[in-house]
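This report describes one protein chain, beginning with a loop and moving outward to the sheet and helices. The structure is shown first.

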Amino acid sequence: MTTHEFFVDMTCEGCSGAVTRVLKKIDVKFDIDLPNKKVFIESDKDKDVLLETLKKTGKTVTYIGTK
């Protein structure tokens with residue numbers, strides 16, 4: 001399993017809730033760091049799949065790299 005780190009422009013609990021909703025649909029383990037606007041996803045899925053999934057929230061998303 002690889003842990004991918006993403007920057008997601010989240011400002012509130014509603015934003016992190018949107019991230020939670022889209023990630024639960026693709027069945028991955030994840031952790032949201034709202035104060036630092038980061039999302040850590042543990043998955044064997046391709047980073048582009050994860051990026052496109054996060055973009056469904058309507059937020060600005062940037063791939064940072066693997067941890």
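Lys56 sits in the loop that connects α2 and β4. In this predicted model, Lys56 has a relative accessible area of 66% and is therefore exposed, the cut-off being over 50%. Between the C-alpha atoms of Lys56 and Val19 the distance is 8.6 Å, although 37 residues separate the two in sequence.

Thr57 belongs to the loop between α2 and β4 as well. Is Thr57 buried or exposed? Its relative accessibility is 17%, so Thr57 counts as buried, the limit being under 20%. Apart from neighbours within four places in sequence, Thr57 is in contact with Ala18, Val19 and Val22. A polar atom of the Thr57 side chain also lies 3.3 Å from the backbone nitrogen of Lys59.

Helix α2 covers residues 47–55 and packs on the sheet, where it touches β1, β3 and β4. The direction of α2 makes about 35° with that of β1. At the start of α2, the backbone nitrogen of Asp48 has a side-chain oxygen of Asp46 within 3.0 Å. Which residues of α2 are buried? They are Leu50, Leu51, Thr53 and Leu54. These residues lie on the same side of α2, because the arc they cover around the axis is only 160°. The elements covering the buried residues of α2 include β1, α1, β3 and β4.

Helix α1, residues 13–25, lies across β1, β2 and β3. Relative to β2, α1 runs at about 170°.

The sheet itself is open and has four strands in the order β2-β3-β1-β4, with antiparallel pairing. Its edge strands are β2 and β4, the latter formed by residues 61–66, and each of these two pairs on one side only. From one strand to the next, the twist averages 20°. In general, the strands of a sheet pair through backbone hydrogen bonds, in either a parallel or an antiparallel arrangement. The pairings in this sheet are listed below.

| Strand pair | Sense | Bridges |
|---|---|---|
| β1 (residues 2–8) and β3 (residues 38–43) | antiparallel | six bridges |
| β2 (residues 29–33) and β3 | antiparallel | five bridges |
| β1 and β4 | antiparallel | five bridges |

Individual partners help to set the register of each pair. Glu5 has Phe40 in β3 as its bridge partner. Lys29 is bridged to Glu42, also a residue of β3. Opposite Phe6 stands Tyr63 of β4.

How many residues lie between β2 and β3 in their hairpin? There are four, and within the turn Lys37 has a positive phi of about 55°.

Turning to the annotation, an unreviewed UniProt entry lists residues 1–62 as "domain: HMA". Over residues 1–62, the chain is 35% helix and 32% strand. The C-alpha atoms at the two ends of that range are 20 Å apart.

Taken together, the loop after α2 contains an exposed residue, Lys56, and a buried one, Thr57. The contacts of Thr57 include Val19, and the C-alpha atom of Val19 is 8.6 Å from that of Lys56. The two helices share some of the strands they meet: α1 lies across β1, β2 and β3, whereas α2 touches β1, β3 and β4.

Terms used. Residues are numbered from 1 along each chain as its sequence is written. This is a predicted model: local features need pLDDT of at least 70, side-chain atom pairs count only at pLDDT 80 or more; totals for chains, interfaces and linings use all residues. Side-chain values use heavy atoms; hydrogens and water are left out. UniProt positions are given in the numbering used here, feature names are shortened, and annotations may be inferred rather than shown by experiment. Two strands pair if DSSP finds at least two bridges between them. Axes are lines fitted to C-alpha atoms, for helices over the stretch in contact, and angles run from 0 to 180 degrees between N-to-C directions. Contact means heavy atoms within 4.5 Å. Buried means under 20% relative accessible area, exposed over 50%, partly exposed in between (1.4 Å probe, protein chains only). The arc is that of the directions from the helix axis to the C-beta atoms. A polar contact is a pair of N or O atoms within 3.5 Å; within protein, one must be able to donate a hydrogen and the other to accept it, and residues adjacent in sequence count only if both atoms are side-chain atoms.
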